[in-house]
Amino acid sequence: MVTLYDVARLAGVSTATVSRVVHGQDRVREATRARVQQAIEELGYVPDGAAQSLSRRRKDVIGLVYVEREPEQYDIENEGLLYYDEVLRGVESRIRDRDWSLLIAFMSAEGTGEPWRPRMDALSGKVDGILIGEGFVAHRYIERLAARLPVVVIAGTPGERAADVVAADNFSGSVAIISHLIGEHGRRRLCYIDGPPDSPDSAQRRLALDQVLREHPDCQLVGSVRGNFSERSGEQAGAELLATCGAARPDAVVAANDQMAIGAMRALAAAGLRVPDDVAMVGFDDIYPARLVEPALTTVRQPMRMLGERACARLLERIASPELNPAVELLPTELVLRASCGCPAGTVTRRPVAAVSCLSRIERGSGQRGG
């Protein structure tokens with residue numbers, strides 16, 4: 001078994017320095033920290049969870065960690081009850097009667113390597129368990145983190161095996177909304193606004209698009225641009241798609257979330273195009289502003305608050321019983337039909353989405369970076 005002493009020997013530092021790095025303490029130079037982390041990676045060192053739990057004792061605190069993709073951007077994501085807000089409310093509803101506390105941290109995704117890692121290491125020493133949002137953390141890190149304290153990944157990769165995952169059934173929801181565009185509105189030329197490459201939700205939604213297109217050879221993907229889930233990136237992506245397609249424009253745009261769909265609608269309007277007469281538009285999430293734009297946005301509703309509730313409940317179970325085997329829970333979604341897809345103005349129709357069985361989506365999704 002690899003020990004703290006083995007790591008110290010390989011890194012050429014003291015065991016006290018290794019301990020400080022493992023516990024996320026600040027009194028370590030960055031070059032030394034990097035050397036110790038490299039030694040931990042090479043040796044596959046996992047701290048002794050039992051010894052750590054004795055030293056930490058229970059704190060009645062859980063951590064909630066999310067990625068911040070545009071720290072300087074203030075747009076529609078800051079103006080209403082959106083994804084993170086709803087998940088947070090779900091988490092809080094599970095702990096408020098227990099007199100537990102919630103420690104929230106937004107980690108930067110900017111920069112090379114793993115810029116979030118020092119803060120995550122430090123946070124892990126202050127809580128009894130961690131909820132990781134959006135699955136932005138690499139699998140190898142989750143594996144080590146879960147070996148020393150309870151971890152649940154919200155919106156993680158369905159193929160994750162090292163920690164519990166609670167996610168919406170993104171694949172089935174995306175299949176439903178794209179099939180609606182094709183089957184009920186006859187759209188054949190699609191453009192896609194993809195999400196961040198490190199987002200498991202984004203990966204599952206793209207897998208769904210690919211499968212639906214394979215099942216409809218008369219349809220084609222005429223353009224694809226990647227955004228980062230923000231409204232601004234959706235507007236930029238919409239303008240780029242129009243510039244790329246030229247006169248051969250699409251008859252529908254599928255966005256990987258509502259924020260990007262709303263931004264893309266702005267780009268279409270600036271180009272003099274009408275939604276849905278000229279180009280249909282759909283999103284994913286069913287955030288509150290989706291019903292306020294004109295025309296109202298057709299989308300897939302994922303149970304954002306329930307994601308927080310179920311993830312927090314599982315984390316509390318794991319804190320009480322650390323021996324539980326990791327499990328994946330996919331929550332059902334709902335198709336929300338409004339006018340942006342081509343349905344009549346004033347339409348507000350909700351349809352439950354049946355789960356689509358497709359093993360390849362889990363096998364292929366498990367290779368994605370993230371949880």
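**Exercise 1. The chain as a whole**

Determine what percentage of the 371 residues of the protein chain count as buried, and describe the chain's helices, strands and contacts.

*Solution.*
Step 1. Of the 371 residues in the protein chain, 55% count as buried.
Step 2. The secondary structure of the chain comprises 13 helices and 13 strands.
Step 3. Consider the contacts between residues at least 6 apart in sequence: 72% of these join residues at least 24 apart.

**Exercise 2. Confidence in the model**

The model is predicted. State the mean pLDDT of the protein chain and identify stretches where the pLDDT is below 50.

*Solution.*
Step 1. The chain has a mean pLDDT of 86, and 87% of its residues reach 70 or more.
Step 2. One stretch with pLDDT below 50 covers residues 72-81; beyond near neighbours in sequence, the model gives this stretch 19 contacts.
Step 3. Residues 359-371 also have pLDDT under 50, and the model has 41 contacts for them beyond four places in sequence.

**Exercise 3. Helices α8 and α9**

Two packed helices are described by the angle between their axes and the distance between the axes. Apply this description to α8 and α9, and classify their arrangement.

*Solution.*
Step 1. Helix α8 spans residues 170-185 and helix α9 spans residues 200-215. Their axes come within 8 Å and cross at roughly 40 degrees.
Step 2. An angle under 35 degrees would count as roughly parallel, and 65 to 115 degrees as roughly perpendicular. The helices α8 and α9 are therefore oblique to each other.
Step 3. The handedness of the crossing of α8 and α9 is right-handed.
Step 4. On the α8 side, the residues that take part are Asn170, Phe171, Ser174, Val175, Ile178, Ser179 and Ile182. They meet residues of α9, including Asp201, Arg205, Leu209 and Val212.
Step 5. Sorted by class, the contact of α8 with α9 has eight nonpolar, five polar and two charged residues.

**Exercise 4. Helices α6 and α7**

Carry out the analysis for α6 and α7: which residues meet, and at what angle do the helices pack?

*Solution.*
Step 1. Helix α6 (residues 117-124) packs with helix α7 (residues 139-146) at an angle of about 15 degrees, and their axes are 12 Å apart.
Step 2. Angles under 35 degrees count as roughly parallel, so α6 is roughly parallel to α7.
Step 3. The crossing of α6 and α7 is right-handed.
Step 4. From α6, Arg117, Met120, Asp121 and Ser124 meet Tyr141, Arg144 and Leu145 from α7.
Step 5. This contact of α6 with α7 has three nonpolar, one polar and three charged residues.

**Exercise 5. Two residues of helix α12**

For Glu309, decide whether the residue is buried, partly exposed or exposed. Do likewise for Arg314. List the residues that each one touches.

*Solution.*
Step 1. Glu309 lies in helix α12, which covers residues 304-320. Arg314 also lies in α12.
Step 2. Buried means under 20% relative accessible area, exposed over 50%, and partly exposed in between. Glu309 has 24% relative accessibility and therefore counts as partly exposed. Arg314 has a relative accessible area of 16%, so Arg314 is buried.
Step 3. Leaving out residues up to four places away in sequence, Glu309 touches Gly90, Val91, Ser93 and Arg94.
Step 4. Glu309 and Ile95 are 214 residues apart along the chain, yet 9.4 Å separates their C-alpha atoms.
Step 5. Beyond its neighbours within four places in sequence, Arg314 is in contact with Val152, Asp164, Leu324, Asn325 and Ala327.

**Exercise 6. Backbone exceptions**

Most residues other than glycine have a negative phi, and most peptide bonds are trans. Locate the cis peptide bonds that precede Pro276 and Pro295, and examine the positive phi of Ala155 and Asp286.

*Solution.*
Step 1. The bond from Val275 to Pro276 is cis, with omega near 5 degrees. Pro276 belongs to the loop between α11 (258-270) and β9 (280-282).
Step 2. The bond from Glu294 to Pro295 is cis as well, with omega near -5 degrees. Pro295 is in the loop between β9 and β10 (299-301).
Step 3. Ala155 is not a glycine, but has a positive phi of about 60 degrees. Ala155 is placed in the loop between β4 (151-154) and β5 (164-168). Its relative accessibility is 1%, so Ala155 counts as buried.
Step 4. Asp286, likewise not a glycine, has a positive phi of about 65 degrees. Asp286 lies in the loop between β9 and β10. With a relative accessible area of 2%, Asp286 is buried.

How values were computed: Residues numbered from 1 in each chain as written. Predicted model: local features only at pLDDT ≥ 70, side-chain atom pairs only at ≥ 80, totals over all residues. Heavy atoms only, no water. Axes fitted to C-alpha atoms, helices over the stretch in contact; angles between N-to-C directions. Helix = DSSP H or I, 4+ residues; strand = E, 2+ residues; numbered from the N terminus. Parallel < 35°, antiparallel > 145°, perpendicular 65-115°, else oblique. Left-handed = near helix turned anticlockwise from the far one by under 90°. Contact = heavy atoms within 4.5 Å. Nonpolar A, V, L, I, M, F, W, Y, C, P; charged D, E, K, R; others polar. pLDDT = per-residue confidence, 0-100. Buried < 20%, exposed > 50% of the residue type's maximum accessible area, 1.4 Å probe, protein only.
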